[in-house]
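Open the model in your viewer and keep the sequence panel beside it. This tour goes selection by selection.

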Amino acid sequence: MTQTADTSSKQMLSERVHARLREAIMRGEYVPSEALKPQELAQRHQVSLAVVREALVRLVGEGIAVRLPNRGFAVPDFSDRRWQEIAEARRTIEPVMLRLAIERGDVDWEARVRAAHHRLVRTPVYVPEEGDYLSSAWSEAHRVFHRTLLEGCGNPVLLDTFDRLWTASELARRWSAHRAPGRDGVAEHRRLEETALARDADTAAEVLARHLTQTVADLTSGPHDHQGEGP
């Protein structure tokens with residue numbers, strides 16, 4: 001019983017540290033390439049090294065941290081090749097899924113797309129208490145809109161792939177928005193909704209591919225004067 005209780009307590013602590021670190025990285029409290037030092041984090045969060053390492057490994061799996069050979073853990077860099085690889089995978093898969101959704105989606109799918117887009121439009125992109133990065137509520141509404149668009153494909157394997165790629169690209173998406181604040185995301189999402197519901201598969205797929213490409217383009221070509229950010 002004691003061993004079971006200890007394991008459960010460790011898992012709870014790891015969940016807490018993981019959630020706090022994830023939120024801190026998403027809000028820009030750690031700059032790109034900044035080291036995530038287990039010993040310092042263990043002292044800061046008053047937990048064991050094992051708990052911190054478990055949380056960091058989870059962040060690596062989510063694409064929110066990287067593991068460097070013989071150098072521990074760190075926040076990814078703007079130029080990390082993985083962002084390009086994820087974007088390439090999404091540009092390859094998601095337009096195909098959208099074509100299938102347009103072909104197979106029924107009236108209920110159309111209604112869900114409209115509702116998800118309405119929620120996205122009405123959710124504040126930024127809120128004062130979350131700083132200069134995309135708000136958690138808007139980020140979730142954004143995810144729901146994109147997933148709802150693709151759910152009409154009716155293929156759970158493809159949708160599971162979307163879920164994994166979305167999680168892996170979340171940090172890049174937030175950084176990209178921060179580096180290119182003038183981007184008209186409202187118009188892009190409206191165009192996606194319109195072309196999908198008009199059953200214009202060719203245009204919708206093209207619009208989605210451009211939408212996905214722009215995110216990484218903004219990340220790699222935006223201003224590079226972020227060294228002063230962080231805690």
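**Stop 1: a pair across the chain**

Select Glu110 and Arg199. They form a salt bridge, and their closest N and O atoms are 2.7 Å apart. The two ends come from distant parts of the chain, 89 residues apart. Glu110 sits in helix H5. Arg199 sits in the loop between H8 and helix H9 (201–221). Remember that this is a predicted model.

Now show the surface. Is Glu110 buried or exposed? Neither: with 25% relative accessibility, Glu110 counts as partly exposed. Arg199, at 31%, also counts as partly exposed.

Keep Arg199 selected and check its backbone. Its phi is positive, about 60 degrees, although Arg199 is not a glycine.

**Stop 2: the helices beside that pair**

Select residues 107–122 for H5 and residues 185–197 for H8. The two helices pack at an angle of about 170 degrees. Their axes are 11 Å apart. An angle over 145 degrees counts as roughly antiparallel, so H5 is roughly antiparallel to H8.

Which residues make the contact? On the H5 side, pick Trp109, Glu110, Val113, Arg114, His117 and Leu120. On the H8 side, pick His189, Arg190, Glu193, Ala196 and Leu197. Colour them by class: the contact has five nonpolar, two polar and four charged residues. Glu110, from the first stop, is among the residues of this contact.

**Stop 3: more charged pairs**

The structure holds 17 salt bridges. Side chains of opposite charge can pair when their charged atoms come close.

Select Asp163 and Arg147. Their salt bridge has its closest N and O atoms 2.8 Å apart. Asp163 is in helix H7, and Arg147 is in helix H6 (residues 136–151). The partners are 16 residues apart along the chain. Compare their surroundings. Asp163 counts as partly exposed, at 26% relative accessibility. Arg147 is buried, with a relative accessible area of 16%, because the cut-off for buried is under 20%.

Add Glu151 to the selection. Arg147, Glu151 and Asp163 are linked in a network of salt bridges.

Next, select Arg174 and Glu170. This salt bridge has its closest N and O atoms 2.9 Å apart. How are the two placed in helix H7? They are four residues apart, so about one helical turn separates them. Arg174 counts as buried at 7% relative accessibility. Glu170 is buried too, with a relative accessible area of 7%.

**Stop 4: a tryptophan in H7**

Stay on helix H7, which covers residues 156–179, and select Trp175. Trp175 counts as buried, at 2% relative accessibility. What does Trp175 touch, leaving out residues up to four places away in sequence? Show Pro32, Val75, Pro76, Asp77, Phe78, Trp83, Tyr133 and Leu219.

Now put a distance label between the C-alpha atoms of Trp175 and Phe78. The label should read 8.2 Å. Along the chain, these two residues are 97 apart.

**Stop 5: the end of H2 and the loop after it**

Select His45, which has its place in helix H2. His45 is buried, with a relative accessible area of 13%. Beyond neighbours within four places in sequence, His45 is in contact with Arg16, Val17, Arg20 and Leu21.

Step on to Gln46. This residue lies in the loop between helix H2 (38–45) and helix H3 (49–61). Gln46 is exposed, with a relative accessible area of 73%. Its phi is positive, about 55 degrees, although Gln46 is not a glycine.

**Last stop: confidence**

Colour the model by pLDDT. The protein averages 90, and 93% of the residues score at least 70. Which element has the lowest mean pLDDT, and which the highest? Helix H1 (residues 2–26) has the lowest, at 80. H5 has the highest, at 98.

Finish on residues 224–231. The pLDDT over this stretch is below 50. The stretch has 14 contacts in the model beyond near neighbours in sequence. Where pLDDT is low, the predicted coordinates should not be read in detail.

Notes. Residues numbered from 1 in each chain as written. Heavy atoms only, no water. Axes fitted to C-alpha atoms, helices over the stretch in contact; angles between N-to-C directions. Parallel < 35°, antiparallel > 145°, perpendicular 65-115°, else oblique. Contact = heavy atoms within 4.5 Å. Nonpolar A, V, L, I, M, F, W, Y, C, P; charged D, E, K, R; others polar. Buried < 20%, exposed > 50% of the residue type's maximum accessible area, 1.4 Å probe, protein only. pLDDT = per-residue confidence, 0-100. Salt bridge = Lys/Arg side-chain N within 4 Å of Asp/Glu carboxyl O.
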